[in-house]
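Student: I should like a close look at a single part of this model, the strands and loops around one turn of the chain, and then at how its surroundings are packed. Please set out the terms and their cut-offs as they arise.

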Amino acid sequence: MPIPAVPLAQLPIRRLAPEDLPACADLAANRGWPREEHKWGLLLTAGTGYGIDDPAGTGLLACSVLTSYGPGLAAIGMVLVAEPYARQGVGRRMMRHLLAEAGETPLTLHATPNGQPLYEQLGFTETSRADMVRGRFSFAAPAPEVAVRPATAEDLQAILRLDREIFGLDRTPVITRLPAFADHLRVAEEDGEITGFATAWPNMDTHVVGPLIARDTATAQALIASLAAATDRPLRTDIDVRHTALLRWVKENGLDSIASNAVMVRSLPDLPGDWRRRFAPLTVAAG
C-alpha cells in the first residue's frame, strides 16, 4: 500500500543555510528566473532564508528570504513556489510564516504583477514602482562632471553614515559586505566629502548597479558612468520611477526597460529615509 502524501499545509517550513544555495537557484530556474547564485549567496548570509523541502525529491518546493534592518524595517524577497505546487496556497502560507517571523516589524517588498494581488490581501500597499532596465551602456549622453573614484577601506565609515542618513536605517551588516560582494565600488566626492556611492556586482552575464545613493541626479549619473566604464558586461539596475531624469538618461545610453515592479510596504505609510537621494536598491528580490 502506498504511503499517503503529506498535505502541503503540514509540510514543515525550515530555515535555510548557505548550503541550500544550489536548491534555491534550482527553484528559481524552475520558475523561469535566472539562477543568480551570487545574489543568493548574499541573501542567505545577510538575511534569513526559509524553505519547504519537496517530498518528491531532494530540492525545495518553496523558498523566501527575510532581511532585517533592525526593528524599523525588514524586506521580504524571493518568494518562489515550484511549478507543480503553484496555485495551491503555498505562497500564501509562506507569506503568513514570514509575517509571523517579522512580528511587529514593518515590512517592504518588490512585487511582480503575479504576486501583487496576494500581497495586497495581506495588508501591503504600493508606494512607488521600480523600473528594471538593462543593456550595454553606450555613453551617447554624457554624464555631468562630478568627481568619482574607486572606494578605499578608509571610505567605509563615511559610506555607512551617508547610507544611514539616506536609507533612514542602519544597514551596517549589509553595507560592510559590499567590498567582497561587488566587483566595483565607487564614491562621488566634493571638497573631501563623499556625496554618493554605488556598486556594480556580477549577476549571470550582467553587472547590476546597486545600491545607488547620491546627493542628486547628476551625482547618480556620474556614478553609473564610472561603473559602466569599468566593465565590458551589460548593465542592469532598478530605478525608482520617480527619478524620471535618471531613467531618461540611462535609456538614452542604451538601457531598455525589461520589467516594472511595485514597491510595497506593510505597517508603514512609506519607506523611511529620503527617496530623492535613493536611486536604486542593492538587490531586487521580487516575488
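Tutor: Helices and strands are here DSSP runs numbered from the N terminus, a helix being H or I over at least four residues and a strand E over at least two. The model is predicted, so that local features need pLDDT of at least 70 and side-chain atom pairs count only at pLDDT 80 or more, whereas totals for chains, interfaces and linings use all residues. Residues are numbered from 1 along each chain as its sequence is written, and side-chain values use heavy atoms, with hydrogens and water left out.

The part in question begins at the loop between β8 (184-190) and β9, where D191 is found. Phi of D191 is positive, near 55°, in a residue other than glycine. Most residues other than glycine have a negative phi, and most peptide bonds are trans. For accessibility, buried means under 20% relative accessible area, exposed over 50%, and partly exposed in between (1.4 Å probe, protein chains only). By this scale D191 is exposed, because its relative accessible area is 78%.

Strand β9 covers residues 193-203 and includes N203. N203 has 2% relative accessibility and therefore counts as buried. Contact means heavy atoms within 4.5 Å. Apart from residues up to four places away in sequence, N203 touches E36, K39, V208, R233 and R236.

M204 lies in the loop between β9 and β10. Its phi is about 55°, a positive value, although M204 is not a glycine. Because its relative accessibility is 48%, M204 counts as partly exposed. Strand β10, residues 206-214, holds P211. A cis peptide bond, with omega of about 0°, joins G210 to P211.

The surroundings include two helix pairs. Axes are lines fitted to C-alpha atoms, for helices over the stretch in contact, and angles run from 0 to 180 degrees between N-to-C directions. Helix α8 (residues 217-229) packs on helix α9 (residues 244-252) at an angle of about 30°, their axes being 10 Å apart. Angles under 35 degrees count as roughly parallel, over 145 as roughly antiparallel, 65 to 115 as roughly perpendicular, and the rest as oblique. α8 and α9 are therefore roughly parallel to each other. A crossing is left-handed if the near helix is turned anticlockwise from the far one by less than a right angle, and right-handed if clockwise; that of α8 and α9 is right-handed. On the α8 side the contact is made by T217, A220, Q221, I224 and A225, and on the α9 side by A245, L246, W249 and V250. In the classes used here, Ala, Val, Leu, Ile, Met, Phe, Trp, Tyr, Cys and Pro are nonpolar, Asp, Glu, Lys and Arg charged, and the others, Gly among them, polar. The contact of α8 with α9 thus has seven nonpolar residues, two polar and no charged.

Q221, in helix α8, has 11% relative accessibility and so counts as buried. Not counting residues up to four places away in sequence, Q221 touches A143, P144, A245, L246 and W249.

The other pair is helix α1 (residues 21-30) and helix α2 (residues 37-46), whose axes come within 10 Å and cross at roughly 125°. This angle makes α1 oblique to α2, and the crossing is right-handed. L21, C24, A25 and A28 of α1 meet E37, W40, G41 and L44 of α2. The residues of this contact are six nonpolar, one polar and one charged.

Finally, the interior. A nonpolar core is a set of buried Ala, Val, Leu, Ile, Met, Phe, Trp, Tyr and Cys residues joined through side-chain atoms within 4.5 Å. In soluble globular proteins, nonpolar side chains tend to be buried together. The largest nonpolar core has 43 residues, and W40, I76, M95, Y119 and F124 have the most contacts inside it. Leaving aside neighbours within four places in sequence, F124 is in contact with I76, M95, L99, L107, L109, Y119, M264, V265 and R266. Another core lies apart from that one; it has 24 residues, including L212, A220, L235 and W249.
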